[in-house]
Amino acid sequence: MTAALFFSQLLNGLQLGVILFLVAAGLTLVFGVMDFINLAHGVQYMLGAYLVAVLSAWSGSFAFGLAAGLLAALALGFVMEVLVFRHLTRRDHLEQVLATFGLILVVTEGVRMIFGSAPLPFPVPAALNGTVTLFEGLNYPVWRLVILAVGVAVAVLLWVLVNRTRAGMLVRAGSTHPQTVAALGVDVDRLFLFVFAFGAMLAGLAGAMAGPLVSVEPTMGDKVLILAFVVVVIGGIGSIKGAFVAAILVGLVDTVGRAFLPDLLRTLVGKSAAATAGPTLSSMLIYLLMALVLSFRPSGLFGGRPS
Amino acid sequence: MSARAAGGGAGFAFLFRPAVLIALFALALAVAVWSGSGYAPTIIARTAILALAAVSLSFLIGQAGLVSFGHAAPLGIGAYAVLIAGEYGVTNALVLFPLGFAAAALWSAATGVIALRTRGVYFIMITLAFAQMLFYVAGSLSAFGGDDGLGIAARATFFGQRFLRTDTDLAVFAIAALGVTLLVLERLSAAPFGLMLRTGRANEEKLASLGLDPFVHRLVALAAAGGIAGIAGVLLANQVEYVSPATMNWHVSGELIVMVVLGGTKRLGGAVLGAVAVMVIDETLGHFTEFWKFGLGLVILGAVLLRGADLTQLIRGTAHG
């Protein structure tokens, strides 16, 4: 295990962490403000990747594609909220699960009808393609550093929005005491509309950032959705801070675990046992982490409201 | 439970009785065999197997209020029990069915101990996450086909007797298992055990104030439902003769919830009707287009959104906040 390898895996873990944070942020706010379980959040991640990929290819400019794609993702968020989600906000969780599952089927199959099952080409933008030498022996892709920078910037922006603005104050209050906020004359439904659409855009941004690294295909949102659930559960529902800490934790544990656990096992239990147990155990790590956290704190690390 | 609890109205309530459901299944199978169709018994066997898994989930959701989004996990465990035992040369049904039941029940109880510490949305997400963990673990079992899965060695035997040779045999067996399950779970629901589960669902504070803790009851319910899903998994593996991680994909958990809710959660028989409905949508739309899930999605969305006129639902929702 060289220092360069360890460092690059560390960066990969952080980068997975910020992608997860972008997805989980919208999810946790929608949970928090409206006690709403939205399975279709992964679909918004997938749509973001498709929108940006298609619009970039059509216009020939990644910058335009990103800007237009994010606006389109935001618009789609508004449309979905008006068509589907606002009718479900005061229904029980089972119906929310059911309806958003139905929505996943409709949107995923819709995308498959239009674009097919094969992955859509989504090249890294030319200006950001290439590697940079961080130190002797470690060349790291520029695009992955860009993802890190964007993720941190959005996290800071969100922190300012949530902690320093009036809208953010309403979101914070709404996620812990929704009845009180409504009783004070705040239109919680309208607040939900904006939080939902904004969350959809953040998920779309995550999809666009991850697009060049993963394959852009109709079910790409599934894997991320479940990881985002794990993040939200560990961080505590409704907490942006919790989502950030948990996302980084999950990203690091998953990436570093997959990279080094098989090696570690080999030294501990021998080669043949490690070859079978290594991949199994490393794919279980984050779920074990979740189980561990919940054993001590059933409502997550920063979850204020016991659900 | 009121007479017209589950959607259909009083006139159709008889449809939810186990005896009627099983009689209808048997009738369908008899017609299928008589008509000489080779495909119909396969469909009927599949429907009965999925209905078995859906009924066990309906027991959790309808009685205990535990919305498990990971019911594909015990189903998959049952299927993998067949595959793994078969690889070691064991095909005796007297081993496979208890093994599938026990392994799935054990998984459900072990994850349940952690999941039951939480409520509501957390419970849904944790059961989903645990099932997904098992999905990835199954994909990493390279000795048993990894991501692609593996064909099973042979269908289950009874001391060398191949009693599940055709899908008609399998359908008979699955329908019988469904009937026994419906009867047992209905008895269990009517017993003090079921009352405890329903009270825990309706008003946990009141139970606590009486000094009662439904934890053990819920854990037993989870284990029992998991075990039944394991039996369904054993049957499913025998029907498809192939086992892969796809059995545990979270979409399977979602589809099981769809069956339970479309049929109505108040009666166990509803899940059977839901399973039939999903299979019918699959078989009819599936013949026209490979995108049949688009249609299924629209049906689900329509069913949930149009039920908004239900007043009791609205009142209960606002009371919840």
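Modeller: Two residues are in contact if their C-beta atoms, placed from the backbone, lie within 7 Å. The model discussed here is predicted.

Colleague: Which residues does B:L52 touch, leaving out those up to four places away in sequence?

Modeller: By that cut-off, B:L52 touches B:A174, B:A177 and B:L178, together with B:T181, B:I228, B:I231 and B:A232. B:L52 and B:A174 are also among the four residues that touch the most other members of the largest nonpolar core, the other two being A:V230 and A:V231. That core has 204 residues. Helix α1 of chain A, residues 3-34, gives the most to this core, with 16 residues.

Colleague: Why is B:N92 called partly exposed?

Modeller: B:N92 has 16 C-beta neighbours inside 10 Å. A buried residue needs 20 or more and an exposed one has 12 or fewer, so with 16 B:N92 counts as partly exposed.

Colleague: Where is B:N92 placed in chain B, and what does B:N92 touch beyond four places in sequence?

Modeller: B:N92 lies in the loop between α3 (72-87) and α4 (93-115) of chain B. Its contacts of that kind are B:T157, B:F158 and B:F159. The C-alpha atoms of B:N92 and B:R155 are 9.1 Å apart, with their positions 63 residues apart along the chain.

Colleague: How many residues of chain A are in contact with chain B, and what makes up that side of chain A?

Modeller: On chain A, 41 residues are in contact with 42 residues of chain B. The largest share of the chain A side, 15 residues, comes from α4(A). By type, that side divides into 26 nonpolar, 9 polar and 6 charged residues.

Definitions and conventions:
Residues are numbered from 1 along each chain as its sequence is written. Chains are lettered from A and ligands numbered from 1 in the order in which they are written. This is a predicted model: local features need pLDDT of at least 70, side-chain atom pairs count only at pLDDT 80 or more; totals for chains, interfaces and linings use all residues. A nonpolar core is a set of buried Ala, Val, Leu, Ile, Met, Phe, Trp, Tyr and Cys residues joined through C-beta atoms within 7 Å. Helices (H or I, at least four residues) and strands (E, at least two) are DSSP runs, numbered from the N terminus. Ala, Val, Leu, Ile, Met, Phe, Trp, Tyr, Cys and Pro count as nonpolar, Asp, Glu, Lys and Arg as charged, and the others, Gly among them, as polar.
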